Amino acid sequence: MNVKIIRLEGNEFRFILEGVDVSVANALRRVMLAEVPSMAIDEVIIIENTSPVFDEMLAHRLGLIPLVTDLESYVLPEECDCKGEGCIKCTLTLTLEKEAEEEGVIVYSSDLQSQDPVVRPVSDKIPIAKMARGQRIVLEAHAKLGKGKVHAKWQPVSTCAYKYMPILEINQEKCLRCGDCVSFCPKKVLAIEGEKLVVKNIFDCSLCKSCEESCRFDAIKVSWDDKSFIFNVESTGALPPSDIVRVAINILLRKLSDLEEGLSIAVKEEAH
Ligand SMILES: [Zn+2]
């Protein structure tokens, strides 16, 4: 097994995973989507809301605001000593108090005041409600760690997908450099450089085979390596994307060791 990083920038992480079966790649993808915890607002106490947005809508919008997550300082409510009742180890309070002093005041995510300066909205510019003069919102929100399999608001990734590593074979002897494939490729993977048709950016190839079909001289063959994957992970901003992959691998390892433990217990019981 081998990993090569193509790009790791901001919330984007693109890497190649080589020498694994599709089931391993898919397990990793599913754990990133459904099992890596992140922080999101889960309870809202509305003290006053005279805005045109209903209480339920307001709570829903607040829940979907991605929060910067600190996995070191917080634990999942179900794993907490308080048994999920809510304490400083599993629950964080954010407050919002805003009154419109003029027409058309927009309440943004930046208006949320967090108890913990580390855990705050990923972006300050997420609109929550628009108010007319004199309208007011006062509320208290409780954020908790959770998993994407319970609610999508806890998914730490906005994109998590993989594709097979494309293989483009060009027969330079058959190729007459007509440029048809270059213009037909929707991803602009091919180019003619000098007297040669070259692959410019293999990672962008979506295996659509437009190049192969457009070639009148049968000079291009598109295939893929079914043991090699290009992963595209985009974080919502809750966690750095490389951390999402790392945490996902640890969760997968823990699941496997639980399975091993369960198996040895079952074997021992069978022997008795
Ligand atoms: Zn707790």
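1. Is valine 31 buried or exposed? In this predicted model, valine 31 is buried, since 23 other C-beta atoms lie within 10 Å and the cut-off for a buried residue is 20 or more. Valine 31 belongs to helix 1. Leaving aside residues up to four places away in sequence, valine 31 touches Val36, Ala248, Ile251 and Leu252. Glycine 148 is 117 residues from valine 31 in sequence, yet the two are 9.2 Å apart in space, C-alpha to C-alpha.

2. The rest of helix 1 can be read alongside valine 31. The helix covers residues 22-34, 13 residues in total. From its first C-alpha to its last, helix 1 reaches 18 Å, close to the 18 Å expected at 1.5 Å a residue. Its buried residues are Leu28, Val31, Met32 and Leu33. An α-helix has 3.6 residues a turn, so residues three or four places apart point the same way. The cover over the buried residues of helix 1 includes strand 9 (157-170), strand 12 (220-235) and helix 5 (241-271).

3. The domain assignment splits the protein chain into domain 1, made of 2-34 and 158-233, and domain 2, made of 38-154. The centres of domain 1 and domain 2, taken over C-alpha atoms, are separated by 41 Å.

4. One sheet has four strands in the order 1-2-12-9; it is open, and its pairing is antiparallel. Strand 1 (2-9) and strand 9 are the edge strands, each pairing on one side only. From one strand to the next the twist averages 25°. Within this sheet, strand 2 (residues 12-18) and strand 12 pair in the antiparallel sense over seven bridges. Phenylalanine 15 has phenylalanine 231 of strand 12 opposite it.

5. Two helices contact that sheet. Helix 1 packs on it and touches strand 2, strand 9 and strand 12. The direction of helix 1 makes about 155° with that of strand 9. Helix 5 lies across strand 1, strand 2, strand 9 and strand 12, and runs at about 100° to strand 12.

6. A further open sheet has four strands in the order 3-8-4-6, again with antiparallel pairing. Here the edge strands are strand 3 (38-49) and strand 6 (113-114), each of which pairs on one side only. Strand 4 (residues 91-99) pairs with strand 6 in the antiparallel sense over two bridges. Leucine 94 stands opposite serine 114, which is in strand 6. Helix 2 (residues 55-63) lies across strand 3 and strand 8 and runs at about 155° to strand 3.

7. Where does the largest nonpolar core lie? The core has 45 residues, and those with the most contacts inside it are Met32, Ile41, Ala143, Val233 and Ile244. Strand 8 (residues 136-146) gives five residues, the largest share. Because domain 1 and domain 2 both give residues to this core, it lies between them. Valine 233 touches Phe13, Met32, Val157, Thr159, Cys160, Pro241, Ile244 and Val245, with residues up to four places away in sequence not counted.

8. There is also a second, separate core of 11 residues, among them Cys185, Leu190, Leu197 and Cys205. Leucine 190 is in strand 10 (residues 190-193). Leucine 190 counts as buried because 25 other C-beta atoms lie within 10 Å. Beyond residues up to four places away in sequence, leucine 190 touches Cys181, Val182, Cys185, Leu197, Val199, Lys200 and Cys211. Alanine 238 is 48 residues from leucine 190 in sequence, and the pair are 36 Å apart in space, C-alpha to C-alpha.

9. Two backbone angles deserve a look. Most residues other than glycine have a negative phi. Leucine 207, however, has a positive phi near 60°, and lysine 209 has a positive phi of about 70°. Leucine 207 is in the loop between strand 11 (196-199) and helix 4 (210-214); lysine 209 also lies in the loop between strand 11 and helix 4. Leucine 207 counts as partly exposed because it has 16 C-beta neighbours inside 10 Å. Lysine 209 has 15 C-beta neighbours inside 10 Å, so it too counts as partly exposed.

Technical notes
Residues numbered from 1 in each chain as written. Predicted model: local features only at pLDDT ≥ 70, side-chain atom pairs only at ≥ 80, totals over all residues. Domains from an automatic or database assignment. Core = buried A, V, L, I, M, F, W, Y, C linked by C-beta atoms within 7 Å. Buried ≥ 20, exposed ≤ 12 C-beta atoms within 10 Å, placed from the backbone. Contact = placed C-beta atoms within 7 Å. Expected span 1.5 Å × (residues − 1). Pairing = 2+ DSSP bridges. Axes fitted to C-alpha atoms, helices over the stretch in contact; angles between N-to-C directions.
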